[in-house]
Amino acid sequence: MISPLTLGILFTVMSMLLVVVVALRTELANAPGGRALIFVAFFAFPVIASWGGASEHLERSKQTAFCLSCHVMRDFGRSLYVDDKSYIPAAHFQNHRIPPQEACYTCHTDYTMYGGLRSKMRGLRHIYVEYFGSVPEPKNIKLYQAYDNNVCLHCHLGARSFEEHERHRKTSEMMGGIKSNKISCMTSNCHDIVHDVDTLKDASFWKGGS
Amino acid sequence: MGAPEIKRRTRRAGLLIGLGLLVQLLTFIWVHPLAFITFLAVGCPLVAAGVLLYLYALAVHEQRHGDR
């Protein structure tokens, strides 16, 4: 079966050829239906091809490979393969609790389209820093703001393993605090081993899944 | 604007659109942020410029014909 990407590429190639043919043979405009052909070649097809291409690139930007294609992200990618289930991203990635092909995107967006315009601008800034700025050491890379529990709760809320876990109910206010984002999942001595890229040199790695 | 003028503009528009689509096509080779940026910052503006030039040529041509 032909994939959407192949179809998109074929459509773009066809649009390109049509534009070239029509541009070289402008006398086609005088033929019956010639104006309609030029309109399709110079307006409809290029707009559809560009729209489809932008959509394909947006989908690609969700891929784990996209995020890890920048050198500075390499250690964060390696941390997904740590053979230690106390590493939260590794446990989620290796056990397919998140889609492995979209691992970064799944946990680092706030379940709006890329977390809004601010996230997109940050993405552009990251690219600028990668090529023109001074790239920090991976261990010095921190989130802009505390990790939002809602990203975890998007999947775990209502799950028996989360709702009934004794650690989540150590005190009467604890569950409410977690759900209202007052007690962080990551910084409460519970799930605080995340990427921890500065510890990777001593870690052992899972060899499967790649 | 006479027939040669609209032909010239149409050719230029075709060149811009063709070039833009070629750039867009090439960006599909890589899964990389730079490919995305090239698509948005080079490919799309070239296509948009070509489409606008074509529409402008068409509008001016129609206006001249309407005046006659």
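**A helical two-chain model**

In chain A, 60% of the contacts between residues with a separation of 6 or more join residues 24 or more positions apart. The model is predicted, and the predictor assigns the complex an ipTM of 0.88 and a pTM of 0.83. For chain A the mean pLDDT is 88, with 95% of its residues at 70 or more. Chain B averages 89, and 91% of its residues score at least 70. Within chain A the mean pLDDT varies by element: helix H7 (residues 117–132) has the lowest value, 81, and helix H5 (residues 88–94) the highest, 95.

Chain A contains ten helices and zero strands, so its pattern along the sequence reads α-α-α-α-α-α-α-α-α-α. The C-alpha atoms of the chain fill a box of roughly 80 × 35 × 35 Å along the principal axes. Its radius of gyration is 24 Å, whereas a compact globule of 210 residues would have a value near 17 Å. Buried residues make up 19% of the 210 residues in chain A.

The domain assignment divides chain A into domain 1 (4–60) and domain 2 (64–147 + 186–202). The centres of domain 1 and domain 2 of chain A, taken over C-alpha atoms, are separated by 39 Å.

Turning to the interface, 23 residues of chain B are in contact with 26 residues of chain A. On the chain B side, the elements that give two or more residues are helix H1 (3–27) and helix H2 (33–67) of chain B. The largest share, twelve residues, comes from H1(B). By residue type, the side of chain B that touches chain A divides into 16 nonpolar, five polar and two charged residues.

The largest nonpolar core has 19 residues, and those with the most contacts inside it come from chain A (A:Val19, A:Val22, A:Ala41 and A:Phe42) and from chain B (B:Ala13, B:Ile17 and B:Leu21). Two or more residues of this core are given by each of helix H1 (4–24) and helix H2 (34–60) of chain A, and by H1 and H2 of chain B. A:Val22 shows how the core is connected. Apart from neighbours within four places in sequence, A:Val22 is in contact with A:Leu28, A:Leu37, A:Ile38, A:Ala41 and A:Phe42, and with B:Gly14 across the chains. In soluble globular proteins, nonpolar side chains tend to be buried together.

A second, separate core has eleven residues, including A:Phe66, A:Cys67, A:Ile88 and A:Phe93. A:Phe93 lies in helix H5 of chain A. A:Phe93 counts as buried because 25 other C-beta atoms lie within 10 Å, where 20 or more are required. Not counting residues up to four places away in sequence, A:Phe93 touches A:Leu80, A:Ile98, A:Pro100 and A:Ala103. One of these partners, A:Leu80, is 13 residues from A:Phe93 in sequence and 6.2 Å away in space, C-alpha to C-alpha.

A:Lys170 offers a contrast in its surroundings. A:Lys170 is in the loop between helix H9 (160–163) and helix H10 (174–179) of chain A. A:Lys170 has 12 C-beta neighbours inside 10 Å and therefore counts as exposed, the limit for that class being 12 or fewer. A:Leu157 is 13 residues from A:Lys170 along the chain, and their C-alpha atoms are separated by 17 Å.

Definitions and conventions:
Residues are numbered from 1 along each chain as its sequence is written. Chains are lettered from A and ligands numbered from 1 in the order in which they are written. Domain bounds come from an automatic or database domain assignment. Two residues are in contact if their C-beta atoms, placed from the backbone, lie within 7 Å. Helices (H or I, at least four residues) and strands (E, at least two) are DSSP runs, numbered from the N terminus. Ala, Val, Leu, Ile, Met, Phe, Trp, Tyr, Cys and Pro count as nonpolar, Asp, Glu, Lys and Arg as charged, and the others, Gly among them, as polar. The radius of gyration is taken over C-alpha atoms; the globule rule is 2.2 Å times the number of residues to the power 0.38. A nonpolar core is a set of buried Ala, Val, Leu, Ile, Met, Phe, Trp, Tyr and Cys residues joined through C-beta atoms within 7 Å. pLDDT is the predictor's confidence in each residue, from 0 to 100.
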